[in-house]
Amino acid sequence: MVMASTVKVVLGSTAFGIFWILAVFPSVPFLPVGRTAGSLLGAMLMVLFRVITPDQAYAAIDLPILGLLFATMLVSVYLERADMFKYLGKLLSWKSKGAKDLLCRICVISAISSAFFTNDTCCVVLTEFVLKIARQHNLPPHPFLLALASSANIGSAATPIGNPQNLVIAVQSKISFGEFLVGVLPAMLIGIVVNALLLLCMYWRVLSTQKDEEDATSEVVGDEDVVSHRFSPATMSHLSSINSQEWNSRLEAISMQGSPNMNGTVPHVDVTFRNRTSSAESEIHRVSSGGFESGRISNVSKEGINDGFSPKMEETAPSKRVASMDRVSEELSTQVSEEKENLTTKWKRMLWKLCVYIVTIGMLVALLLGLNLSWTALTAALALVVLDFRDARPCLEKVSYSLLIFFCGMFITVDGFNKTGIPSNFWNLMEPHSKINHVSGIAVLAIVILLMSNLASNVPTVLLLGGRVAASAAAISPSHEKKAWLILAWVSTVAGNLSLLGSAANLIVCEQARRAPHLGYTLSFWNHLKFGVPSTLIVTAIGLTVIR
């Protein structure tokens with residue numbers, strides 16, 4: 001592509017530069033408006049500077065990608081409501097055999113969950129679980145936080161729905177879900193193993209020793225806290241039945257009303273009273289047999305006893321006991337009805353959760369069969385909305401619309417930057433050295449993607465280089481075109497592990513850990529970089545050898 005006019009190049013580069021600064025550093029002092037507003041600002045400047053026309057800007061927005069992103073976020077919301085992530089948290093601490101076992105579990109669970117529920121969602125939900133478990137076992141949090149973030153990035157590379165850049169690649173390349181999974185899965189599995197080994201090697205001594213006495217006296221987190229999460233919806237609870245002690249205290253008070261009075265006389269109990277309380281007699285008899293026995297004595301000897309009572313007393317005492325026992329009967333019936341209602345609610349929730357899991361599995365099966373990615377995910381999301389059978393607004397409000405708007409602005413900004421001719425001329429310089437039919441070419445291509453993913457972020461890198469890398473590989477053979485797309489997916493995703501700023505998942509883990517109530521921990525840039533650089537280089541290199 002020929003370079004545009006000098007004015008258009010300068011203005012387009014300025015707009016893209018503003019977008020890049022706000023995307024990478026969303027809280028810069030001179031314009032702390034955030035990533036979403038930064039992407040819209042870059043898009044607006046591209047149109048105002050006449051780098052692209054308004055019609056070209058609208059055409060640049062990729063609706064299938066937005067639909068797929070929206071649907072996967074909505075499905076994740078319903079999976080969270082169905083306690084899927086709570087169960088994943090339980091797996092982290094279930095029969096754990098020590099710190100090293102816990103670290104390996106975090107790597108495996110984080111990788112698998114991020115492959116199917118996106119890496120960002122995985123990190124949002126599991127970070128606090130990891131902090132609580134580390135505190136419970138009196139262990140330093142940073143090896144486990146690194147395991148969570150790095151494994152989430154590596155695992156998300158395996159599927160088209162694992163992260164945003166893979167969504168873009170899957171839609172643009174037309175590679176099916178199954179082909180994508182088969183092509184990258186071996187690299188992902190090897191990468192997780194290598195990443196876990198690197199963590200164990202770097203932090204073996206830390207994981208083998210207890211923390212200092214000063215830290216050991218810190219508050220220990222209970223098991224019930226480990227399996228809870230403030231982002232997860234509360235499960236429906238049901239009332240427990242009243243225990244025997246509560247019944248004893250109630251019925252003893254009632255039997256006191258039927259005990260002999262101060263003069264040693266016993267009040268009269270009418271025969272109709274027995275008939276009215278016959279339904280509750282078997283339960284009450286165990287605790288208030290004394291009260292009933294006095295009632296039976298009064299019936300046997302009522303002729304002799306009646307002489308000592310006025311007619312008013314004969315009517316009042318039994319009526320009080322009848323009213324008291326009626327209240328007990330009502331409480332019994334109310335308790336039984338509540339238990340039945342709570343049991344019904346419990347079974348309804350279990351059935352609904354089962355439906356959520358079945359719909360999600362059905363979506364994955366449909367994707368594996370090669371059905372349209374966006375419409376399959378949208379169908380599954382709407383099926384969950386219908387099955388919930390309630391107002392969907394609370395769930396829809398949990399969808400990150402700011403991310404969708406960010407993508408809209410980014411599509412326009414990147415398209416405008418492409419029209420300046422700078423990315424094309426840059427690729428023309430690199431293409432002769434980046435042929436993927438040679439090992440050296442794959443190495444050069446991987447380095448270019450690695451650097452650009454950390455400088456310009458991974459999604460813009462895919463948008464800028466994807467079509468050009470694929471076209472260059474297609475000139476060799478169709479199979480090489482598919483391999484080029486998969487290499488782009490693998491390297492751009494694993495590149496996020498290089499530094500703390502390389503991936504949104506890293507920033508999510510860092511921010512969630514810092515804000516966690518009573519568990520706050522700051523994962524520093526240097527701590528991440530010490531592990532991120534060797535892990536990224538080694539995992540990327542090993543993975544490239546098995547991608548087909």
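The following questions and answers examine how terms are applied to this predicted model.

Q: What makes up the secondary structure of the protein chain?
A: The protein chain has 28 helices and zero strands. Of its 548 residues, 50% count as buried.

Q: How do you know what share of the contacts in the protein chain join residues at least 24 apart?
A: Among contacts between residues at least 6 apart in sequence, those joining residues at least 24 apart come to 80%.

Q: What supplies the area that the protein chain exposes?
A: About 26200 Å² is exposed, and carbon and sulfur atoms supply 64% of it.

Q: Why is Lys-132 called buried or exposed?
A: The term buried requires under 20% relative accessible area. Lys-132 has 10% relative accessibility and therefore counts as buried. Glu-128, with a relative accessible area of 6%, is buried as well.

Q: Why is the pairing of Lys-132 with Glu-128 called a salt bridge?
A: A salt bridge calls for a side-chain nitrogen of Lys or Arg within 4 Å of a carboxyl oxygen of Asp or Glu. The closest N and O atoms of Lys-132 and Glu-128 are 3.5 Å apart, so the pair meets the criterion. Both residues lie in helix H7 (residues 119–136), four residues apart, about one turn of the helix. In general, an α-helix has 3.6 residues a turn, so residues three or four places apart point the same way.

Q: How do you know that Glu-431 and Lys-435 form a salt bridge?
A: The closest N and O atoms of Glu-431 and Lys-435 are 3.9 Å apart. The limit is 4 Å, so the pair qualifies.

Q: Are Glu-431 and Lys-435 buried or partly exposed, and what values show this?
A: Glu-431 has a relative accessible area of 23%, and Lys-435 has 28%. Partly exposed covers the range between under 20% and over 50%, so Glu-431 is partly exposed and so is Lys-435.

Q: What makes the pair of Asp-388 and Arg-81 a link between distant parts of the chain?
A: The structure holds nine salt bridges, and one of them joins the side chains of Asp-388 and Arg-81 at 2.7 Å, N to O. Asp-388 belongs to helix H20 (residues 373–388) and Arg-81 to helix H4, with their positions 307 residues apart in the chain. Both Asp-388 and Arg-81 are buried. Arg-81, Asp-388 and Arg-390 are linked in a network of salt bridges.

Q: How do you know that the span of helix H4 agrees with its number of residues?
A: Helix H4 (residues 63–81) has 19 residues, which at 1.5 Å a residue should span 27 Å. Its end C-alpha atoms are 27 Å apart, so the two values agree.

Q: Why is H4 called mostly covered?
A: Of the 19 residues of H4, 16 are buried. H4 is followed by Asp-83, whose phi is positive, near 70°.

Q: How do you know that the span of helix H24 agrees with its number of residues?
A: The 17 residues of helix H24 (residues 439–455) should span 24 Å at 1.5 Å a residue, and its end C-alpha atoms are 24 Å apart, so the two agree. H24 is followed by Ser-457, whose phi is positive, near 80°.

Q: Which helices do the buried residues of H24 pack against?
A: The buried residues of H24, including Ile-442, Leu-445 and Met-452, pack against helix H23 (422–430), helix H25 (458–474), helix H26 (478–494) and H28.

Q: Which residues touch the most other members of the largest nonpolar core?
A: Phe-144, Phe-407 and Trp-490 do so, in a core of 140 residues. Helix H10 (residues 177–202) gives the most to this core, with 12 residues. Beyond its neighbours within four places in sequence, Phe-144 is in contact with residues including Ala-99, Leu-103, Val-130 and Leu-207. In soluble globular proteins, nonpolar side chains tend to be buried together.

Q: Why is Leu-537 called partly exposed?
A: Leu-537 has 46% relative accessibility, and exposed would require over 50%, so Leu-537 counts as partly exposed. Leu-537 is placed in helix H28.

Q: What makes up the nonpolar surface patch of about 290 Å²?
A: Ile-190, Leu-537, Ile-538 and Ile-542 make the patch. Helix H28 (residues 525–544) gives the most to it, with three residues.

Note on methods
Residues numbered from 1 in each chain as written. Heavy atoms only, no water. Core = buried A, V, L, I, M, F, W, Y, C linked by side-chain atoms within 4.5 Å. Buried < 20%, exposed > 50% of the residue type's maximum accessible area, 1.4 Å probe, protein only. Helix = DSSP H or I, 4+ residues; strand = E, 2+ residues; numbered from the N terminus. Contact = heavy atoms within 4.5 Å. Patch = residues over 30% accessible without salt bridge, like charges linked within 9 Å, V, L, I, M, F, W, Y side chains within 5 Å. Areas by Shrake-Rupley, 256 points an atom, 1.4 Å probe, with all protein chains shown as cover. Expected span 1.5 Å × (residues − 1).
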